[in-house]
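Welcome! Please look over the molecule below, then try each exercise before reading its solution.

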Amino acid sequence: MAAHPGTDANPLRVAIIGSGPSGFYAAEQLQKQEDRSIQLDMFERLPTPFGLVRGGVAPDHPKIKSVTRVYDRIAAHPDFRFFGNVTFGADITHDDLTRHYHQIIYATGAQTDRRLGIPGEDLPGSHAATEFVAWYNGHPDYRDLTFDLSQERAAVVGNGNVAMDVARILAKTYEELRETDIADYALEALRHSQVRAIYVLGRRGPAQAAFTNPELKELGDLADADVIVAPDEVELDPLSREWLMTTADRNAERNVQTLMRYASSGDRDKSRRIYLRFLVSPTQIFGRDHVEALRIVKNELYRRDDGTLRPRQTGAFETLPVGLVFRSIGYQAVPLPGVPFDHFADVIPNERGRVIDLDRREPIPGEYAVGWIKRGPTGIIGTNKPDAQETVQVMLEDQDAGRMLQPENPERGAMERLLAVRKPDYVTYKDWQTLDEIEVRRGQEAGRPRVKFTRVEEILNALAAYRGRAQGQDGH
Ligand code: NAP
């Protein structure tokens, strides 16, 4: 019997679909296996890598984005290749991958948003926060969206970190935003924004907010926005008080303290206001041909059988006159062509990362999931490290047991040859590094950290021009 792949003569070939944190951490874990020869090919639909680190992390959080230095190191490994601008399911299919790889990792994250399911949700002026985030981060698929920033009042529904990001970006001044790598068109649009009041709506209380404390505190440091919390809404109900006394949730404790501080502050001298509201749920968005108001209902908390505190409507309604609504109630994964999907849990069905065939209820040999498509849209970037470790652990077990795909052509050059026909303008990691340099240079010229490319054609043209110049210099 032939030896299992993983030797220098017969390397194990692994495809990773998606280039966000979970894909890179899976690559890193595989690279750590020094006793095996593993060749990694990462495929990415966009011509640029890093998923939400580029398209989701707030532009004013450069420290979080600096994690890409780790990804650069991973990509520098001689057995790692990046194929950007290649869409799984269109340019390459599931069948193509099974012909060329022993193992496939799906690391595609959660690309869409959850809906509120209330009347008026589709009125112009009502948006998914995830789309607004992708827009201001220069994601090519969202860069042409428009947001009516002539409105003076906006609501952000949800109490997670994305809601914090959206509220903060809406509340920042032009000078604050200019220092970031926010997309240039978004900077210009936000410069003229008339939004003065931003209502962040949590359906549960201050102790149950999902945002993390540094993000909450950051709101208090804005140059021209006050944070306003009504003292009666931050006062804890008996159930929350009891829960907070018994829990070891330091983040919740800190959040409650910070919110109490906001509630006792009388600062009202800045031109924008962020109102943090609690125990309210939207029930309807009103407006004739644009959002004009949001109806909310007051909630109370009750203890469910599993011990968690859940919101329940009280019947007391209020109408907020807002012209914009951003629903920020979580991301949602989308199914991949040819790959099982659990429409109830919105993930690829898996056991510790092994993709499960839903009919046979057993693992599909050689197919794995990591990150949000595996566990749902929770956690911070670092959460993907142990998650990737778990997936790679089962991949190694399967390698040892010989439970893998049986590719008919695992030769390394085969994928490049296939792409030369299917997608000749695919982007390599070296190309990305060139783009990165050009973006940073454009930033320096504008006195900003970076000016992003936001259109695929623009990227491909910039690369073609760079290659043309490089060839000219070589005398070709
Ligand atoms: P999230 O943390 O899951 O928060 C979702 C929020 O929406 C929760 O407050 C949830 O309330 C609320 N919600 C859900 N359904 C609702 C409904 N029908 N009506 C009203 N409210 C509803 O999601 P996220 O903000 O999209 O963030 C996703 C992940 O990325 C999180 O893990 C987050 O920490 C991370 N992230 C981190 C950063 C950072 O580190 N700076 C920045 C952005 C995102 P309940 O709790 O009551 O369900």
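Two short exercises follow, one on the domains and one on the ligand.

This is a predicted model, in which local features need pLDDT of at least 70, side-chain atom pairs count only at pLDDT 80 or more, and totals for chains, interfaces and linings use all residues. Residues are numbered from 1 along each chain as its sequence is written, and side-chain values use heavy atoms, with hydrogens and water left out.

**Exercise 1.** Find into which domains the protein chain is divided, and describe their contact.

*Step 1.* The chain splits into domain 1 (12-111 + 333-427) and domain 2 (112-331), with bounds from an automatic or database domain assignment.

*Step 2.* Their C-alpha centres are 33 Å apart. Domain 1 brings 18 residues to the contact and domain 2 brings 19, where contact means heavy atoms within 4.5 Å.

*Step 3.* About 1500 Å² is buried between domain 1 and domain 2, with 52% of this area from carbon and sulfur atoms. Buried area is the accessible area (1.4 Å probe) that two parts lose on being put together, summed over both.

*Step 4.* On the domain 1 side, Pro59, Asp60 and His61 lose the most area to domain 2, together 35% of what that side buries.

**Exercise 2.** Work out where the ligand lies relative to the domains, and which atoms are close to its oxygen atoms.

*Step 1.* Domain 1 and domain 2 both give residues to the shell around the ligand, so the ligand lies between them.

*Step 2.* A backbone N or O atom of Gly379 is 2.8 Å from a ligand oxygen. For Asn161, a side-chain N or O atom is 3.2 Å from an oxygen atom of the ligand.

Technical notes:
A polar contact is a pair of N or O atoms within 3.5 Å; within protein, one must be able to donate a hydrogen and the other to accept it, and residues adjacent in sequence count only if both atoms are side-chain atoms.
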